[in-house]
Amino acid sequence: MARFAHSPPEIQRPASNLFILLSMGGALFLNGLPWGGIWLLLRPDFVAMVILYWCMHKPLRVGIGVAWMVGILADVADASLFGQHALAYTLLAFGGVVLHHRLQMFNLRQQTFQVFGIFALTYAVYALVHWQVNGYVIWPFFLGCLTSTLLWAPLSAMLQSLRQLRVDHAARRQ
Amino acid sequence: MDSTQSFQFFNRGPSPVARLVFFAVLSLLLLFVDARYRYLESTRNALSVLVSPIQKLATLPSTLWQQASGFFVTQRSLTEENLTLRQQHERDAVQLAQWHAVQQENRHLHSLMALQQRGGFNARFAEIVYAEHDVFKRRVLIDKGADAGVEVGQVVMDDIGIVGQITRVYPWLAEVTLITEKDHAVPVQVLRNGLRTIVFGAGDTSQLSLRYMPVSSDIQSGDELVTSGIDGLYPPGIPVARVEKIERDPAYPFARVTCLPLAGVDRQRHLMILSGLPKLPERPAQEPAAPIDGKPTQDAAKKAEAH
């Protein structure tokens, strides 16, 4: 956390489209790993985390529309109903975009509590749709919401430092 | 300058709430259509082109691991199995080679035996020890000679048919002139119709030929020729040759008939010497000019005398 106290403000940390795209692809990759059994229940939703990260830090670049499209891709990847992930990620992105000012003011530990609410909403929407269509809810499914929240700080820090690396690199060149 | 969003006078499109409502409704619509009507499979397939590389990449590590472990386990067991099998094979191959040779020899001896019993004449086995080095002489030396009772003029055959005739006897060896020797004559009959004729050796090839066959004579390619037994030298009914090619040229009085010997004249190692054939009575001396069939007898007799 000390690092972020001295870190430059968000405005000085650019993010190329390629980097955003790669992070989305990487999240889809992590979600697509052959999880099984208890690990599948504990699997954090990496795509949701990355979308939330970008909605929080670059809300004009990655907004509700991008989240919706990524959601559609996630639906295809998961072979779930069309719009299931899309709807969940739309709500997630809305939460991120609306709350991004507030979230950026917190440090990572405080962010974690805020983010939990957003993730819980996302998971609830997904479970609700599943319940409406299939008629039952798998409650352990919400464990993923917890692990996503716990991984929020490491993932966020990692993406921040990756972007910081590029800034430092560019600075050294000049 | 992404994050200067507090300046509301820049046009930034619809508000987040509007977008939320739009995309949420769109999602719900898709959900409804997909859950209810399943219209969107083609769209799903098209989009899967984008996603499938990532999915493949994600399953790649585990797939590779499974394949690699399978590969190494299989490789090790295969190597061991291969080694065992190779040793086994080497042990068996020696025995198999011997077995093949013994089986071949056995089969050959069997057929010689059977022929001896069927023929009703005395036969003794002999083995070829030398072959003539001269290209123009079709002769071999066998390991039975005067000590074994071999005489000049006796017939030599293998399990199929006539091979030749004893032309010279040494104490422990005998010389066999093969039927392919030039001008060596064997009186034969066509098995199909009983037509009598004489087959001559061609000398420089392993072929035989029929001479003095009129163009109009009833002979076909594929006809089998057996000994006629007419001159008393060869026992009747032993296969000699098969007609291979017939050239009927009206310019000549005789047809050119080429035959191939049936017996393994150039192949076998084990031969059979026939002896104790019934003697024919002497030919009357005052007989006029000998017919065609008489010729070989004279030839053979001359040959025997010459040797």
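Two residues are in contact if their C-beta atoms, placed from the backbone, lie within 7 Å. Keep that rule at hand as you open this predicted model, in which local features need pLDDT of at least 70 and side-chain atom pairs count only at pLDDT 80 or more, while totals for chains, interfaces and linings use all residues. Residues are numbered from 1 along each chain as its sequence is written, and chains are lettered from A and ligands numbered from 1 in the order in which they are written.

**Stop 1: where the chains touch**

Show chains A and B together. The contact takes 32 residues from chain A and 27 residues from chain B. On the chain B side, select α1 (16-36) and α2 (41-119), the elements that give two or more residues to the side touching chain A. Helices here are DSSP runs of H or I with at least four residues, strands are runs of E with at least two, and both are numbered from the N terminus. Colour this side of chain B by class and you will find 15 nonpolar, seven polar and five charged residues. For these classes, Ala, Val, Leu, Ile, Met, Phe, Trp, Tyr, Cys and Pro count as nonpolar, Asp, Glu, Lys and Arg as charged, and the others, Gly among them, as polar.

**Stop 2: helices of chain A**

Now select residues 46-57 of chain A, which are helix α4, and residues 84-105, which are helix α6. Their axes are 7 Å apart and the helices pack at an angle of about 45°. That makes α4(A) oblique to α6(A). Axes are lines fitted to C-alpha atoms, for helices over the stretch in contact, and angles run from 0 to 180 degrees between N-to-C directions. Angles under 35 degrees count as roughly parallel, over 145 as roughly antiparallel, 65 to 115 as roughly perpendicular and the rest as oblique.

The crossing of α4(A) and α6(A) is right-handed; that is the word if the near helix is turned clockwise from the far one by less than a right angle, and left-handed if anticlockwise. Show side chains to see who meets whom: A48(A), I51(A), L52(A), C55(A) and M56(A) of α4(A) face a set in α6(A) that includes Y89(A), L92(A) and V97(A). This contact has ten nonpolar, three polar and no charged residues.

Keep α6(A) and add helix α7, residues 108-134 of chain A. The axes of α6(A) and α7(A) cross at roughly 160° and come within 9 Å. That makes α6(A) roughly antiparallel to α7(A). This crossing, too, is right-handed. Among the residues that make the contact are L87(A), L91(A) and L99(A) of α6(A), and I118(A), L121(A) and V125(A) of α7(A). By class, the count is eleven nonpolar, six polar and no charged residues.

**Stop 3: barrels of chain B**

Move to chain B, with its three helices and twelve strands. Of its 307 residues, 25% are buried, meaning that 20 or more other C-beta atoms, placed from the backbone, lie within 10 Å of a residue's own (12 or fewer is exposed, in between is partly exposed).

Six strands close into a barrel in the order β1-β2-β5-β4-β3-β12, with antiparallel pairing. The twist averages 45° from one strand to the next. Select β1 (122-131) and β2 (139-142) of chain B, joined by three bridges; two strands pair if DSSP finds at least two bridges between them. Y130(B) has L141(B) in β2(B) as its bridge partner.

A closed barrel of six strands also runs β6-β7-β8-β11-β10-β9, again antiparallel. Here the average twist is 40° from one strand to the next.

**Stop 4: strand β6 and its neighbours**

How many of the six residues of β6(B), 185-190, are buried? Six of the six are, so the strand is largely enclosed by the rest of the structure. A185(B), P187(B) and Q189(B) point one way, and V186(B), V188(B) and V190(B) the other.

On to β7 (196-201) of chain B, which five bridges join to β6(B). The two strands form a hairpin with five residues between them, and G194(B) in the turn has a positive phi of about 80°. V186(B) has V199(B) as its bridge partner.

β6(B) also pairs with β9(B) over three bridges, and there Q189(B) stands opposite V226(B).

**Last stop: D231(B)**

Finish at D231(B), in the loop between β9 and β10 of chain B. D231(B) counts as buried, with 22 C-beta neighbours inside 10 Å. Add R283(B), 52 residues apart from D231(B) along the chain: their C-alpha atoms are separated by 9.9 Å.
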